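Here are a few exercises to work through with the structure open. Try each task before you read its solution.

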Amino acid sequence: MRLTLAWRWAELRMLLPLAILVPLGFFVTHVAREGVLEAGSLTLAMGYLALMLAAHAILVLSGQRGDQLLLPLVATIGGVGLVMLNRLAPEVETTQAFGLQLDVAQTQLLWFSVGTVAMLVVAAGLRDDGPLRHYKYTWAALGIGMLVFTALFGFEVNGARLWVALGPIAVQPGEFVKIVLVIFIAGYLADNRALLTEASLRIGPIRVPPLPYLLPMLALFGVVMLVVVRQNDLGQALLLFGIFLTMLFVATGRRSYVLIGLLLFVAGVFVAYRLFPHVAVRVDIWIDPFADPTDRGFQPIRGLFAFARGGLFGEGLGQGLPSSIPLVHTDFIFAAIAEELGLIGAFAVLALFLTFVFRGLRIAMLARDEFSALLAVGITASLGLQTLIIVAGNLKLIPLTGITLPFVSYGGSSILASFLMIGLLLSVSHRTARAIDREQGLPDR
Amino acid sequence: MIATNVRRLALYLLLAFAVVSGGLGWWQVVDAASLNARAENPQVIAARRGALRGTIFDANGQALATSQVIEGISRRTYADAAFSHLLGYASLRFGTTGLERAYDDILTGRADPNPLRDLVNDILDRQPEPKDLTLTVDRRLQDFAAAQLGDTAGAVVAIDPRTGAILAMTSTPTFDATPISGVPDAAGPAMEAITARDGDPLVDRSRQGRYVPGSVMKVFTGAAALDAGIITPQTTYPDQPRQETEGFPVSGFTIREHDLGGIQPDLWPFSPALQVSSNIFFAHVGLELGGEAFLDYARRFGFCEGQQIGSGARGLPVSASYVTAPIDGDCGPFVDDVELASAAFGQAQVNVTPVQMALLAATIANDGVVPELHAVRDVRAHAADPATGPADQILERSSTGGGSRAISVDTARQVRVAMVDAVEAELGQLFAGAGAVRLYGIGGAQTAGKTGTAQRSEGQAPHSWFIGFAPAQDGAEPAIAVAVLVEGGGSGSGRAAPIAGRVMAEWLRLNGGG
C-alpha cells in the first residue's frame with residue numbers, strides 16, 4: 001500500500017472544540033463533587049482527546065477520504081458520554097477488566113480505544129466491498145452462529161441471556177449480529193432489487209410483496225428474530241425489525257411493505273403480550289409505572305423524575321441525583337444527561353444524533369452502487385433507530401427496553417460494534433469519493 | 001430511485017426525532033412540576049432528610065409520632081405499635097404510608113391547609129413550617145382493641161356513628177415503624193426483618209384487607225329489602241321452614257342452611273331470621289330484591305368503589321368492597337340467581353373491608369345516613385415540646401356531621417330493633433349474646449349486632465366477624481359502632497363477638513357509662 005496523505009482539515013477543525021469541552025466537563029463535575037475549586041484528574045479527558053486526534057491522524061496518513069463529519073460527531077457524543085460516566089463512576093459499581101479494578105469511565109475509555117482501532121482497521125483497510133457483498137450468506141451464517149452459540153452457551157445478566165465469556169471479557173454477540181445482518185440484507189436486496197420492485201401480486205386494492213423472492217431473506221430474518229425473542233431481548237428484536245423494514249423500504253420504495261411489517265409487528269407484540277408473562281410485565285409497566293412504584297415501576301419512574309428535575313436548563317453538571325435511577329449508566333444515561341444539562345442539553349445531544357443520521361443518509365445517497373447505498377442506510381438506520389428506541393423508552397413513549405444509547409451508554413460490545421459501523425460508513429464514503437474521481441477522469445489517489 | 005427513498009427516509013426519521021423531542025419537552029417542562037412534587041421523588045426525599053416533621057397526637061393530646069433532627073438526619077419515633085398501620089411510617093428510604101403519606105405536605109409544612117396562605121407562602125418563598133395533627137382516635141381504646149386481638153391476625157374498626165370519627169382502627173399483626181423511619185442505612189435491614197415475618201405485618205387489614213363477610217352481610221340485605229318495600233318486618237316465606245332442612249333449590253343448585261344448633265325451624269319473619277341467621281330466609285329476600293336493586297343499595301352504602309377516610313386530596317385510601325366479581329374497579333353484574341341468593345347471606349363473590357362493615361353498622365346506628373369517615377380531628381401549629389400536648393392554635397378542623405342517606409329513618413330503626421334482638425333476645429343470645437356490653441359490666445345499655453362466620457374454601461377455618469353498635473335501646477343515641485374481624489377465627493360468636501362487646505363496653509366506660 002502506497003502512503004498517500006489525504007488532508008482532513010474540516011475534521012480536525014471540528015475535533016478541536018473537544019479539547020475544551022471534555023476537560024471542562026471533567027473539571028465541572030469534579031468541582032461539583034468535591035466542593036473545592038481544583039482541576040482534579042484530567043488524565044481520562046486527555047487520553048480521550050489523544051485517542052480522537054490519533055484516529056484523525058491515522059485517517060489522514062492512510063489516505064482515507066471518507067466523510068469528515070462522522071468522527072467529530074461521534075467524538076462529541078462519546079465525549080458527553082465519557083463526562084457523564086466519569087461523573088457517575090463513584091456512584092456505580094466498579095468493574096473487573098483484564099485483572100484490573102477499573103471504574104466505568106476508565107473501562108469505557110478502554111473500549112473507546114479498542115473501538116477506534118477497529119474503526120480504523122475497517123475504514124483504512126476495507127478498500128473494496130467484495131468481501132462483504134460476495135460472501136453475504138457466509139456473513140448470515142456467522143450471525144446466526146453467534147446467536148445460537150449465545151443461546152446455548154451464554155450467561156444471563158438482568159434476566160436476559162445475551163452474554164458470552166471470551167476469556168476474561170464478557171461479550172454481547174447480539175451487538176455484532178446487527179452488523180452482519182445489515183451486510184447480508186444489503187447484499188440480498190442489491191442483488192434482487194429489480195425483481196422485488198417490479199413483480200408484485202395484487203389482492204384487491206392491496207399490493208402484496210412478491211413472496212418467493214423475499215422468502216430466503218424472510219426465513220433468515222425469522223430465525224434471527226426467533227432466537228432474539230427467545231433470549232428475552234425485546235429491544236434488540238424491535239431494533240432488528242426496524243432496520244429490516246427501513247432497508248426494505250429504501251430498496252423498494254414501497255410504503256406498503258413497511259405498513260404490513262408494522263402491522264405484523266404490532267400483532268406479534270399483542271400475541272407475545274398474551275403468551276409471555278415477561279412481555280406482559282413490560283407493557284403493563286409502560287402503561288402505568290405508578291401502579292407498582294416500588295418494584296417493577298421503580299426504574300422508569302425514577303427516570304421520569306430525573307427528566308422533571310432537569311427542567312429547561314438542568315440541575316447543572318454533577319449536581320443532579322442521576323444515581324437514584326437503577327442502571328443509570330446503561331439504560332438511563334440519557335435521563336441523567338437530561339437531568340443535569342436540562343432540555344437544552346438533551347436537545348443538543350439529540351441534534352448531534354440527528355446530524356449523524358443525516359450525514360449517514362447523505363453517504364447513502366451519494367453512493368455509486370446499490371450495495372453501498374443500502375449498507376450505509378442499514379448502518380445509519382441501526383444507530384439512528386437504536387437512539388430513538390432507547391430515548392423513547394426512557395421517555396415512556398414506548399415500552400422500555402434494555403438497549404444502549406450508541407457511544408454514550410456504558411458497555412464494551414455496544415461501543416465496539418458502533419465504532420465498527422462508523423468504520424464501514426467511512427469506507428463506503430471513501431469508495432464514493434474515489435468513484436467520483438474516476439468519473440471525472442482524475443487519477444486514482 | 002434509492003436516493004429518493006433515502007430522502008423520504010430522512011424525513012420520517014426527522015419526524016421521529018421531533019416526536020421524541022416533544023416527549024422530552026413534556027416531561028421536562030409541561031409535566032415537570034407535578035412530578036417534582038411527588039413524594040417518591042428522590043429530590044423530595046433528599047429535601048426531607050434534614051427536615052423536621054410535625055407531631056401526631058391522639059384525641060387526648062398524647063404524642064404518637066414525633067420527629068427529631070440528629071446529625072442532619074430527620075428521625076421519626078412512634079410511641080405505639082397499635083397505631084403503625086393507621087399512621088404508617090415516614091421513611092427516608094421507603095417513602096411514606098398511612099396518614100404520614102396522606103398528610104405529608106401538611107406534616108412537612110410544604111403546604112398550608114389554608115389555600116390562600118399557601119399561595120402567599122409560595123410567592124414569598126417562605127421556609128416550610130411543619131404542622132401537627134390531632135386524631136379522632138383515642139389511644140386508650142386503640143390499645144384496648146389491639147390487646148383484644150393479641151397475637152391473632154385481624155382488625156378492629158370503631159366509629160362514632162354520629163360524626164364518622166374513627167375512634168379506633170387497628171390491624172394485627174403489627175410492626176414497629178420507628179426503625180424504618182430513622183437513619184436510612186438502618187431502615188433496610190429493619191424492613192427486611194419485618195417483611196420476613198409471617199402474616200404480612202405491613203398490610204393494614206382494616207382498610208386494605210378484603211374478606212368474605214358471611215352473615216354480617218344480612219344486615220345489609222335486610223336493610224335494602226325493607227327500604228325498597230320488598231319485605232316488611234312481618235314478611236314470611238311459606239316454603240322456608242321446610243327448606244331449612246331440605247334445602248332451597250335455586251336454578252338447579254341447592255342452597256343449604258348452616259348448622260342451627262338444634263333450633264327447630266319455624267316460619268320466621270325478619271327479626272327471628274336475623275337472630276338465628278337463616279340463610280334460607282335471606283336467600284329468598286335477595287332473590288326478591290333482585291340483582292339491580294341489590295347493587296344499587298350496595299353503592300349507597302359505599303360498596304363497589306374505593307373509599308377514603310378523610311375528605312379531598314388528604315384522604316386515607318380504603319380498598320373497595322365488592323358484592324360481585326369486580327369489573328374495572330366496579331361491581332360487575334350478578335352472574336345468576338345462585339350468586340345473588342348466596343350474596344344475600346354474604347357468600348359467593350362478596351369481599352369486604354372491615355372499614356366498610358363498620359360503616360354499615362354506623363349507618364344503621366346513624367338512622368340511615370352514611371357518615372363521612374375521618375381520622376384527623378384538626379391541623380395545628382407545631383408544638384415545640386410534644387410532651388406538653390398540642391398547641392392551641394388550630395389551623396383547620398375536619399368537617400363532621402355530613403354524609404349521604406342510604407336508607408330511610410324508619411328502615412334504619414326496623415333494622416336496629418332486629419339487630420338488638422340478634423344480640424339480646426332469646427334466640428339471638430344463642431348466637432351473638434357474647435357481643436352484649438352488659439356482659440362486661442355496662443348496665444342499662446342494649447347492644448345491636450350481628451355475627452358472621454364466613455365460610456372459605458375446604459379445609460380453611462372460617463373468618464370470625466361481628467358488627468354492631470351501642471347503646472342501641474329505643475331512644476338512645478349510639479356512641480360507638482364497631483366491626484371486628486378475626487382471620488380464620490372460626491364462628492362469629494366465638495371470637496369476634498366478645499371482642500366487639502368488650503371494645504364497645506370499654507368505650508362506654510371511658511365516657512362515663514357503666
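Three exercises follow, each with a worked solution.

The model is predicted, so local features need pLDDT of at least 70, side-chain atom pairs count only at pLDDT 80 or more, and totals for chains, interfaces and linings use all residues. Residues are numbered from 1 along each chain as its sequence is written, while chains are lettered from A and ligands numbered from 1 in the order in which they are written.

**Exercise 1. Work out how helix 4 and helix 14 of chain A pack.**

Step 1: find helix 4 (residues 70-88) and helix 14 (residues 333-366) in chain A. Helices here are DSSP runs (H or I, at least four residues), as are strands (E, at least two), numbered from the N terminus.

Step 2: take the axes, which come within 9 Å and cross at roughly 160 degrees. Axes are lines fitted to C-alpha atoms, for helices over the stretch in contact, and angles run from 0 to 180 degrees between N-to-C directions.

Step 3: classify the angle. Helix 4 and helix 14 of chain A are therefore roughly antiparallel (over 145 degrees counts as such).

Step 4: list who meets whom. Helix 4 brings residues including L73(A), I77(A) and M84(A), and helix 14 answers with, among them, I337(A), F353(A) and R359(A). Contact means C-beta atoms, placed from the backbone, within 7 Å.

Step 5: sort the contact residues, and you get 13 nonpolar, three polar and one charged. Ala, Val, Leu, Ile, Met, Phe, Trp, Tyr, Cys and Pro count as nonpolar, Asp, Glu, Lys and Arg as charged, and the others, Gly among them, as polar.

**Exercise 2. Trace the five-stranded open sheet of chain B and see which helices lie on it.**

Step 1: read off the order, 8-7-21-20-19, with antiparallel pairing. Strands pair if DSSP finds at least two bridges between them.

Step 2: spot the edges, strand 8 (165-172) and strand 19 (448-454) of chain B, each pairing on one side only.

Step 3: check the twist, which averages 5 degrees from one strand to the next.

Step 4: add helix 18 (residues 409-424) of chain B, which packs on the sheet by touching strand 19 and strand 20 and makes about 65 degrees with strand 19.

Step 5: add helix 20 (residues 492-510) of chain B, running at about 30 degrees to strand 20.

**Exercise 3. Which strands edge the six-stranded open sheet of chain B?**

Step 1: follow the order 3-2-1-6-16-17, where pairing is mixed.

Step 2: the edges are strand 3 (73-78) and strand 17 (394-397) of chain B.

Step 3: six bridges join strand 2 (residues 63-70) to strand 3 of chain B, running antiparallel.

Methods. Parallel < 35°, antiparallel > 145°, perpendicular 65-115°, else oblique. Contact = placed C-beta atoms within 7 Å.
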